[in-house]
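Notebook open, structure viewer open. I'm jotting down what I look up as I go.

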Amino acid sequence: QVQLAESGGGLVQAGGSLRLSCEASGSPFSINALGWFRQAPGKQRELVAFALTNGATDYADSVKGRFTISRYNDENTVHLQMNSLKPEDTSVYYCAADPYFTTHFQPEYWGQGTQVTVSS
């Protein structure tokens, strides 16, 4: 059973930066895809970014150029560096893992979520 533990959320002013981290435990192998979703109040959960073991990454259009995802396969950890934050980035951010990734990121495991609040 894979467990995901997030850290790094908080309150920041618009234009600021935050770094989220997620450590996956319980898997003896590198997890094919690790990434982040977010969900704002009253909205659907949306994909932010994910990274594969081969180094490939993908981002939502709304965060391209501002967010950077990185992972360390040996440790099954993934980080999300968020720069130039905007109030609309305010959400609960969830770490997600898809051990069976082929063409689409469809997580099997989820973290508890960490709150990111961006004030204007």
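**Strand β2 and its partner.** I started with β2, residues 10-13, and found it joined to β11 by 4 bridges, with the two strands running parallel. My pairing rule is that DSSP finds at least two bridges between two strands. Strands here are DSSP runs of E with at least two residues, helices are runs of H or I with at least four, and both are numbered from the N terminus. Opposite Leu11 I found Thr117 of β11.

**Ground rules.** I'm working on a predicted model, where local features need pLDDT of at least 70 and side-chain atom pairs count only at pLDDT 80 or more, while totals for chains, interfaces and linings use all residues. Residues are numbered from 1 along each chain as its sequence is written, and side-chain values use heavy atoms, with hydrogens and water left out.

**Gly10.** This glycine is in β2. I noted it as partly exposed because its relative accessibility is 25%; the cut-offs are under 20% relative accessible area for buried, over 50% for exposed, and partly exposed in between, with a 1.4 Å probe and protein chains only. Which residues does Gly10 touch, leaving aside neighbours within four places in sequence? I listed Leu18, Gln115, Val116 and Thr117, where contact means heavy atoms within 4.5 Å. I also checked Gly10 against Asp98: they are 88 residues apart in sequence, and their C-alpha atoms are 26 Å apart in space.

**Strand β11.** Next I looked at the two faces of β11, residues 114-119. Thr114, Val116 and Val118 make up the covered face, and Gln115, Thr117 and Ser119 the uncovered one. β11 also pairs with β9 (residues 91-98), this time antiparallel, over 3 bridges. Within that pairing, Ser91 has Val116 as its bridge partner, and Tyr93 has Thr114.

**Strand β9.** How many of the 8 residues of β9 are buried? I got 7, so I put the strand down as mostly covered. β9 pairs antiparallel with β4 (residues 33-39) over 7 bridges, and there Phe37 stands opposite Tyr94. Another antiparallel partner of β9 is β10 (residues 109-110), with 2 bridges. In that pair I found Ala96 opposite Trp110.

**Ser84.** I looked up phi here and got a value near 50 degrees, which is positive in a residue other than glycine. Most residues other than glycine have a negative phi. Ser84 is in the loop between β8 (77-82) and β9. Its relative accessible area is 41%, so I logged Ser84 as partly exposed.

**Ser30.** I found this serine in the loop between β3 (18-25) and β4. Ser30 is partly exposed too, because its relative accessible area is 34%. Setting aside neighbours within four places in sequence, I have Ser30 in contact with Thr53, Asn73 and Asn76. From Ser30 to Ser84 I got 31 Å, C-alpha to C-alpha, for 54 residues of sequence separation.

**Arg71.** I traced Arg71 to strand β7, residues 67-72. Is this arginine buried or exposed? It counts as buried, because its relative accessibility is 13%. Beyond neighbours within four places, its contacts include Ile31, Asn32, Ala33, Leu34, Ala51 and Leu52. Thr53 and Asn76 are also among the contacts of Arg71. I then went to Ser119, 48 residues along the chain from Arg71, and got 28 Å between the C-alpha atoms.

**The whole protein.** I counted 11 strands and 0 helices. The C-alpha atoms fill a box of roughly 45 × 25 × 25 Å along the principal axes. The radius of gyration is 13 Å, which agrees with the value near 14 Å for a compact globule of 120 residues; I took it over C-alpha atoms, and the globule rule is 2.2 Å times the number of residues to the power 0.38. Of the 120 residues, 44% count as buried. Of the contacts between residues at least 6 apart in sequence, 55% join residues at least 24 apart. The accessible surface is about 6,400 Å², with 45% of it belonging to carbon and sulfur atoms; that area comes from the Shrake-Rupley method with a 1.4 Å probe.
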